[in-house]
Amino acid sequence: MSLLDNIVSHNEQFVENKQYEQFLTSKFPDKKMVILTCMDTRLTELLPRAMNLRNGDAKIIKNAGALVSHPFGSIMRSLIVAVYDLSAEEVFVVGHYDCGMTGLNSEKVLAKARERGVPDKLIRMLEHAGIELDKFLTGFERVHDSVLNSVEVIRNHPLLPANLPVHGLIISPETGRLDVITDGYEYIASREQGKTRR
């Protein structure tokens, strides 16, 4: 039986036994927060528990490295929708230690793409067409800096209010310990006093 068959079979029982009832909630986050975090499998259940979240408490957006790599890309659009359409009042950017994006470089990714059948000719064509694969497929050196960079993009986005608290944290994928890198409340207070602190 394939993985898909296993999932569909389980799902039929899940629905038939009404196991979904314990997860019923609205589309609006009860704690009025949106989280941008990494897609790392270790965080699937750990992160919500470490942050005291239940189903329905927060909007959770996941991508590799919890990165906002483009101010008008899909991650930023999701954050904007969460704030204006879904009533989120705070943003949490949560990176994690031992992230796969640390030290990621395009050469390794493209080598694996070639091994999986992506023609070298196609890769060269993309590069000649102006696609910066080196930039697109490169991670970061320090998760601390990456979290700060994503927070700064969000804080300074022209379509978001200046009084929106944007926090930056790093979680341990082993213990769930959260380290606060930048406190959105402090940032707003210091900016209002005429000085910007991270």
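A residue counts as buried when its relative accessible area is under 20%, as exposed when that area is over 50%, and as partly exposed in between. With that in hand, here are some close-up views of this predicted model.

**Figure 1. The whole chain comes first, as a map for the views that follow.** The protein chain holds 8 helices and 5 strands. Starting at the N terminus, these elements follow the order α-β-α-β-α-β-α-α-α-α-β-β-α. Along the principal axes, the C-alpha atoms fill a box of roughly 55 × 50 × 35 Å. Of the 198 residues in the chain, 37% are buried.

**Figure 2. Helix H1 can be checked with a simple ruler.** Helix H1 covers residues 3–16, which makes 14 residues. Counting 1.5 Å a residue, this helix should span 20 Å, and its end C-alpha atoms are indeed 20 Å apart, so the two agree. Just after H1 comes lysine 18, whose phi is positive, at about 55 degrees.

**Figure 3. Strand S1 pairs with strand S2.** Strand S1 takes in residues 33–38, and 6 of its 6 residues are buried. Its partner here is strand S2, residues 58–63; the two run parallel and are joined by 6 bridges. To find your place in the pair, look for methionine 33, which stands opposite alanine 58 in S2. As a viewing tip, side chains in a regular strand alternate between the two faces of the sheet.

**Figure 4. Two cysteines face a question about bonding.** How many disulfides does the structure hold? The count is 0. A disulfide is a covalent bond between the sulfur atoms of two cysteines. Cysteine 38 has its closest cysteine sulfur in cysteine 99, but the distance of 4.1 Å is too far for a bond, because a disulfide needs the sulfur atoms within 2.5 Å. Cysteine 99, in turn, is in no disulfide, with the sulfur of cysteine 38 as its nearest cysteine sulfur. Are these two residues buried or exposed? Cysteine 38 has a relative accessibility of 5%, so it counts as buried. Cysteine 99 is at 7%, so it counts as buried too.

**Figure 5. Aspartate 40 and arginine 42 belong to a network of salt bridges.** Searching the whole structure turns up 9 salt bridges. One of them joins aspartate 40 to arginine 42, with 2.9 Å between the closest N and O atoms. Aspartate 40 counts as buried at 14% relative accessibility, whereas arginine 42, at 29%, counts as partly exposed. Step back a little and you can follow a network of salt bridges that links Asp40, Arg42, Asp98 and Glu174.

**Figure 6. A salt bridge links two residues of helix H5.** Aspartate 120 and arginine 124 form this salt bridge, and their closest N and O atoms are 2.2 Å apart. Why do they sit about one helical turn apart? The reason is that they are 4 residues apart in helix H5. An α-helix has 3.6 residues a turn, so residues three or four places apart point the same way. Aspartate 120 is partly exposed, with a relative accessible area of 30%. Arginine 124 counts as partly exposed as well, at 39% relative accessibility.

**Figure 7. A nonpolar patch lies on the surface.** Which residues form this patch? They are Val118, Leu122, Met125, Leu126 and Ile131, and together they have about 380 Å² of accessible area. A handy starting point is valine 118, found in the loop between helix H4 (106–115) and helix H5 (120–128). With 33% relative accessibility, valine 118 counts as partly exposed.

**Figure 8. Helix H7 and the residue just before it close the tour.** Valine 143 lies in helix H7, which covers residues 143–155. At 12% relative accessibility, valine 143 counts as buried. Along the chain, valine 143 and histidine 96 are 47 residues apart, yet their C-alpha atoms are separated by 6.9 Å. In the same view, look for arginine 142, which forms a salt bridge with aspartate 145, the closest N and O atoms being 3.1 Å apart. Arginine 142 is partly exposed, with a relative accessible area of 45%, and aspartate 145, at 32% relative accessibility, also counts as partly exposed.

Terms used
Residues are numbered from 1 along each chain as its sequence is written. This is a predicted model: local features need pLDDT of at least 70, side-chain atom pairs count only at pLDDT 80 or more; totals for chains, interfaces and linings use all residues. Side-chain values use heavy atoms; hydrogens and water are left out. Patches are made of residues with over 30% relative accessible area and no salt bridge: like charges are joined within 9 Å, nonpolar side chains (Val, Leu, Ile, Met, Phe, Trp, Tyr) within 5 Å. Accessible areas come from the Shrake-Rupley method with a 1.4 Å probe; for residues, only the protein chains shown count as cover. A salt bridge is a side-chain nitrogen of Lys or Arg within 4 Å of a carboxyl oxygen of Asp or Glu. Buried means under 20% relative accessible area, exposed over 50%, partly exposed in between (1.4 Å probe, protein chains only). The expected span of a helix is 1.5 Å times one less than its number of residues. Two strands pair if DSSP finds at least two bridges between them.
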